[in-house]
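Got your viewer open and a hand on the mouse? Let's take a short walk together, one selection at a time.

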Amino acid sequence: MSKLNDNQSINKAAPRSWSDYYKAVANRPPRETLLTALANFEPENEAEPRTAIDLGCGEGRDTVELLRRGWKVIAIDSQQEAIERLKNRCDKKTVIETRIAQFENIDLPSDVDLINASFSLPFCKPENFPELWHKIVSGLTTGGRFSGHLFGDRDSWAADSTMSNHTMSQIEALLQPFEVELLSEEDHPGKTALGHEKHWHIFHIVARKK
Ligand SMILES: C[S@@+](CC[C@H](N)C(=O)[O-])C[C@H]1O[C@@H](n2cnc3c(N)ncnc32)[C@H](O)[C@@H]1O
């Protein structure tokens, strides 16, 4: 039997059909980056309910946690199915704003306390990424936080020209307007949520706007 080489065995095209992903990750717990950001807000003691945007919310693992903790949330995703799955998880009395929108032409409100984007921003087209990042930075209030992930240049999906991947030094430049509270790197072979082999190169980020 012939042995597959790396190029044959690893899928270098990122997924564009999300339905199976939503089923595979249904009811998983919130991301550690979100939990770290929330823990970092705790000593700051604000009286008002805080406002978060969950960019690329998917079926809602992070949005649900924010709502549970009393945050006002605007949950945004390009996929109607994601928003429907999220709404089905919420109690009918839960106040949540949802938007079906593409990162590539999104409008974000200002004075937001937290912008969370778990495993979603790399799916923005590279030509639109700088403007999207500018909108994220501008949308945050001073002292507001970004939590989420970016993919590195050694990730398998960096071979997909529709994805936005970044080197560590590019990420450090993106984080200039922030005090960095967490910047950790994963770089190893692994599997996607659907069980496909790939090389993961992930940056986990929590940062507070200066
Ligand atoms: C890997 S999933 C992550 C979902 C969720 N944040 C999580 O942690 O499980 C990526 C999400 O980003 C959304 N997405 C991908 N490309 C997008 C785009 N260009 N604009 C808006 N959302 C997008 C997908 O629909 C999907 O729900």
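The tour goes from the ligand to the cysteines and ends at a helix. Keep in mind that this is a predicted model.

**First stop: the ligand.** Select the ligand and the residues around it. There are 19 of them, and Y21, Y22, G56, D77 and F103 come nearest. Now show the side chain of D77: one of its N or O atoms lies 2.6 Å from an oxygen atom of the ligand. Move on to Q102, where a side-chain N or O atom is 3.3 Å from a ligand nitrogen. Then turn on the backbone of F103, which has a polar atom 2.9 Å from a nitrogen atom of the ligand. Switch to a surface view next: of the 600 Å² of accessible area that the ligand has on its own, the protein covers 96%.

**Second stop: the cysteines.** Select C57, C90 and C124 and show their sulfur atoms. How many disulfides are there? The count is zero, with a disulfide taken as two cysteine sulfur atoms within 2.5 Å. For C90, the nearest cysteine sulfur belongs to C57, 9.7 Å away. For C124, the nearest is again that of C57, at 16 Å. Are C90 and C124 buried or exposed? C90 counts as buried because its relative accessibility is 11%, under the 20% cut-off. C124 is buried too, at 0% relative accessibility.

**Last stop: helix α4.** Highlight residues 61-68, which form helix α4, and pick out E65 within them. E65 has a relative accessibility of 9%, so this residue counts as buried. To see what surrounds E65, select P30, L34, L35 and L38: these are its contacts once neighbours within four places in sequence are left aside.

Note on methods: Residues are numbered from 1 along each chain as its sequence is written. This is a predicted model: local features need pLDDT of at least 70, side-chain atom pairs count only at pLDDT 80 or more; totals for chains, interfaces and linings use all residues. Side-chain values use heavy atoms; hydrogens and water are left out. Helices (H or I, at least four residues) and strands (E, at least two) are DSSP runs, numbered from the N terminus. Buried means under 20% relative accessible area, exposed over 50%, partly exposed in between (1.4 Å probe, protein chains only). Contact means heavy atoms within 4.5 Å. A residue is near a molecule or strand if one of its heavy atoms lies within 4 Å of it. A polar contact is a pair of N or O atoms within 3.5 Å; within protein, one must be able to donate a hydrogen and the other to accept it, and residues adjacent in sequence count only if both atoms are side-chain atoms. Accessible areas come from the Shrake-Rupley method with a 1.4 Å probe; for residues, only the protein chains shown count as cover.
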